[in-house]
Amino acid sequence: MTAVPALTLLYVPADRPDRVVKALQSVADVVLVDLEDAVAPARKDSARDAVRELLPAAGRRVQVRINHVSTPWHADDVAAVAALPPQVGARIPKVESPEEIRALAAALPGRELHPLIESALGIERALEIATASPQVASIGLGEADLRSDLGVTDDAGLAWARSRVVVAARAARLVPPVMSAYTNVRDLDGLTASCRAGRALGFRGRTAIHPSQLDTIRAAFLPSEQEVSRAREVLSRLGDATAAGIGAITLTDGTFLDVAMLEQARTVLALAGE
């Protein structure tokens, strides 16, 4: 059975326990509790305390974004995550080398790791990072820092980097990457258009910075009725063709297909809950 990817991942600052509680009660597939950029240096300790208090009983899919190894908060963040239930994953920012991942895998044995690539060097090493440890469960982009590092000002400048991460994730047999957050929380039309563009590149799902974005993200990544109907036809027709020893068929709309399209059809139906 094809695994259903998480489509909505909601960031929440760890130093706001009230917001963490609300996020844990939200419809997001995954809650991303942030100890990094969303938390001021003076509040890192209290943020870590909130993580220790609230997450052991979360009872749902959670990741904690820790601070980079170069910061003075990294070791304490790792220790706090190590004390949490093993199903809580670690989201790792600004990764540039597989050695960073292997060190965290040793410090957090058995725990899922989710590296974020946010620099040109990280992009060049995307596959090495994705395959650094069996504990790597996904890779993704941190596009704000990447834009700054590359000196690009629009999405066109990120096209190659986005595709590179999609290819690396697939080559490493990971789930498709999710898109970075869309920072204008009021522009839902723009969010929809951006999600559709990312979906066309191979992304599946997106991080959000406000609960109001979740329904829009989910709708943009779920297949349409037409896509579901087509996927059903592909599976039915190709299944019959395979049973008959035929390697390729033509659909009713004239599209030529072969058995390599089966996995894509299964993914569409899995997303549709079938």
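Where is arginine 16 found? Arginine 16 sits in the loop between strand 1 and helix 1, where helices (H or I, at least four residues) and strands (E, at least two) are DSSP runs numbered from the N terminus. Before we go on, some bookkeeping: this is a predicted model, in which local features need pLDDT of at least 70 and side-chain atom pairs count only at pLDDT 80 or more, while totals for chains, interfaces and linings use all residues. Residues are numbered from 1 along each chain as its sequence is written, and side-chain values use heavy atoms, with hydrogens and water left out.

Back to arginine 16. Arginine 16 counts as partly exposed because its relative accessibility is 32%; the cut-offs are under 20% relative accessible area for buried, over 50% for exposed, and partly exposed in between, with a 1.4 Å probe and protein chains only. The C-alpha atoms of arginine 16 and arginine 102 are separated by 31 Å, and the two residues are 86 apart along the chain.

Now step back into strand 1. Six of its six residues are buried, so by the definition of that term each has under 20% relative accessible area. Thr8, Leu10 and Val12 point one way, Leu9, Tyr11 and Pro13 the other, and all of them are buried. That pattern fits a general habit: in a regular strand the side chains alternate between the two faces of the sheet.

Strand 1 has partners, too (two strands pair if DSSP finds at least two bridges between them). Strand 1 and strand 7 run parallel and are joined by three bridges, with leucine 10 standing opposite alanine 208. Strand 1 also runs parallel to strand 2 (residues 30-34), joined by five bridges, and here tyrosine 11 has leucine 32 as its bridge partner. To get from strand 1 to strand 2, the chain goes through helix 1 (residues 17-24) in a right-handed β-α-β crossover. Right-handed here means that, with the strands pointing away from the viewer, the path from the first strand over the helix to the second runs clockwise.

From leucine 32 you can keep walking. Its bridge partner in strand 3 is glutamine 63, and strands 2 and 3 run parallel with four bridges between them. The chain makes this trip through helix 2 (residues 44-54), again as a right-handed β-α-β crossover. Strand 3 (residues 62-65) is covered on both faces: Val62 and Val64 on one side, Gln63 and Arg65 on the other, all buried.

Next comes strand 4 (residues 89-92), which runs parallel to strand 3 over three bridges. Arginine 65 stands opposite arginine 91 there, and the connection runs through helix 3 (residues 74-82) in a right-handed β-α-β crossover. Arginine 91 in turn stands opposite histidine 114 in strand 5. Strands 4 and 5 pair in the parallel sense over three bridges, and together with helix 4 (residues 98-107) they make a right-handed β-α-β unit.

What about the cover on strand 5 (residues 113-117)? Five of its five residues are buried, with Leu113, Pro115 and Ile117 on one side and His114 and Leu116 on the other. Strand 5 pairs with strand 6 in the parallel sense over two bridges, and isoleucine 117 has leucine 141 as its bridge partner in strand 6.

Some of these elements meet again at a pocket. The term needs unpacking: on a 1 Å grid over the protein atoms alone, a cavity is a set of points where a 1.4 Å probe fits but cannot get out, and a pocket is an open set with protein on both sides within 12 Å along at least five of seven lines; lining residues have an atom within 4 Å of a point. The second largest pocket has a volume of about 610 Å³, taken as the space filled by probe spheres set on the points, with grid points joined across faces, edges and corners. Its lining has 29 residues, and Ala144, Ser180, Ala181, Thr183 and Ile209 lie nearest its centre. Strand 1 (8-13), strand 6 (140-141), helix 7 (143-150) and strand 7 (206-208) are the elements that give two or more residues to that lining. Helix 7 gives the largest share, four residues.
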